Amino acid sequence: MIKVLEKAQMTFGVITLSIFFIAIIIQIVSRHMGVAIIWTEEVANYSFIWSIFMGAAVMVNQREHFSFDFLTIKLKGRKKTVLVLVIDTIILLFALAILYFGIEAAQTFWDYNWVALPEMKMGYVWISLPIMGFTMAVYTLGHLFNGFKDLKNLKRGADA
């Protein structure tokens with residue numbers, strides 16, 4: 001299930017990044033032609049936000065997020081597994097905070113309108129926060145599950 005979620009999130013991130021690039025190209029071409037297309041800036045900004053947040057969650061799943069790995073490189077066995085579990089717990093707490101406050105932000109700003117496209121609601125932008133928080137939490141729970149399995153196997157191996 002996690003792989004399917006990651007693939008869907010990555011696909012959506014690529015789509016929104018493509019929208020960003022298309023909006024920027026339209027903006028550049030229109031400026032050279034002397035035509036002002038005002039909606040391209042907002043579309044570019046908000047699609048870029050979506051692509052960054054979706055990519056950040058996927059990077060948590062792939063353990064490619066920003067980290068200091070000095071200790072994880074130095075440690076081995078049980079100590080390394082315990083450290084990774086502590087790190088994953090901190091990431092889970094962070095993800096749950098993003099989920100909670102993202103829901104609050106999306107609810108608060110849902111009815112605000114875009115400037116250039118007043119038909120669009122800001123809630124469509126802000127909903128990216130709780131989605132990122134939720135998927136980060138799901139990915140991290142998967143890591144914690146696997147980490148506890150590894151810890152159990154290490155303990156079992158030490159008892160044998």
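**Helices, cores and pockets of the model**

Helix 2, residues 39–61, has 23 residues and spans 34 Å between its first and last C-alpha, close to the expected 33 Å at 1.5 Å a residue. Helices here are DSSP runs of H or I of at least four residues, numbered from the N terminus, and the expected span is 1.5 Å times one less than the number of residues. The model is predicted, with local features needing pLDDT of at least 70 and side-chain atom pairs counting only at pLDDT 80 or more, while totals for chains, interfaces and linings use all residues. Residues are numbered from 1 along each chain as its sequence is written, and side-chain values use heavy atoms, without hydrogens or water.

Helix 1 covers residues 2–32, which makes 31 residues. Its first and last C-alpha atoms are 45 Å apart, close to the expected 45 Å. The buried residues of helix 1 (under 20% relative accessible area, with a 1.4 Å probe and protein chains only) are Glu6, Gln9, Gly13, Thr16, Phe20, Ala23, Gln27 and Ser30. Just after this helix comes glycine 34, with a positive phi of about 80 degrees.

A positive phi also follows helix 2, at arginine 63. Its value is near 55 degrees, in a residue other than glycine. Most residues other than glycine have a negative phi. Arginine 63 sits in the loop between helix 2 and helix 3, the latter at residues 70–74. With 38% relative accessibility, arginine 63 counts as partly exposed, a class that lies between the buried limit and the exposed one, over 50%. Glutamine 62 belongs to the loop between helix 2 and helix 3 and is partly exposed at 33%. Leaving aside neighbours within four places in sequence, glutamine 62 is in contact (heavy atoms within 4.5 Å) with Glu6 and Met10. Its C-alpha lies 12 Å from that of methionine 10, although the two are 52 residues apart along the chain. Glu6 is also one of the buried residues of helix 1.

Helix 4 runs over 33 residues and reaches 47 Å from first to last C-alpha, close to the 48 Å expected. Its buried residues are Thr81, Leu83, Leu85, Asp88, Ile91, Leu92, Ala95, Ile98, Gly102, Ala105 and Ala106. Threonine 81, in helix 4, has a relative accessibility of 13% and therefore counts as buried. Beyond four places in sequence, threonine 81 touches Gly147, Asp150, Leu151 and Leu154. Leucine 93, also in helix 4, is exposed because its relative accessible area is 55%. The C-alpha atoms of leucine 93 and isoleucine 37 are separated by 42 Å, with these positions 56 residues apart along the chain.

The largest nonpolar core (buried Ala, Val, Leu, Ile, Met, Phe, Trp, Tyr and Cys joined through side-chain atoms within 4.5 Å) has 16 residues, and Ala57, Ile98, Met132 and Met136 have the most contacts inside it. Helix 2, helix 4 and helix 6 (128–159) each supply at least two residues of this core. Helix 6 gives the largest share, seven residues. Isoleucine 98 touches Leu129, Pro130, Met132, Gly133 and Met136, with residues up to four places away in sequence not counted. A second, separate core has eight residues, including Ala23, Val43, Tyr46 and Met122.

The pockets come last. A pocket is an open set of points on a 1 Å grid over the protein atoms alone, where a 1.4 Å probe fits and protein lies on both sides within 12 Å along at least five of seven lines; lining residues have an atom within 4 Å of a point. Points are joined across faces, edges and corners, and the volume is the space filled by probe spheres set on them.

The largest pocket has a volume of about 290 Å³. Arg63, with its positive phi, is one of its lining residues, together with His65, Phe66, Ser67, Phe68, Asp69, Thr72, Lys80, Val84, Ile87, Asp88 and Ile91. Helix 4, residues 77–109, gives the most to this lining, with five residues. By class, the lining holds five nonpolar, three polar and four charged residues; Asp, Glu, Lys and Arg count as charged, Ala, Val, Leu, Ile, Met, Phe, Trp, Tyr, Cys and Pro as nonpolar, and the others, Gly among them, as polar.

The second largest pocket contains about 230 Å³. Its lining consists of Val60, His65, Phe66, Val86, Ile87, Ile90, Ile91, Phe94 and Met136. Helix 4 again gives the most, with five residues. This lining divides into eight nonpolar residues, one polar and no charged. Met136 in this lining is also among the residues with the most contacts inside the largest core.
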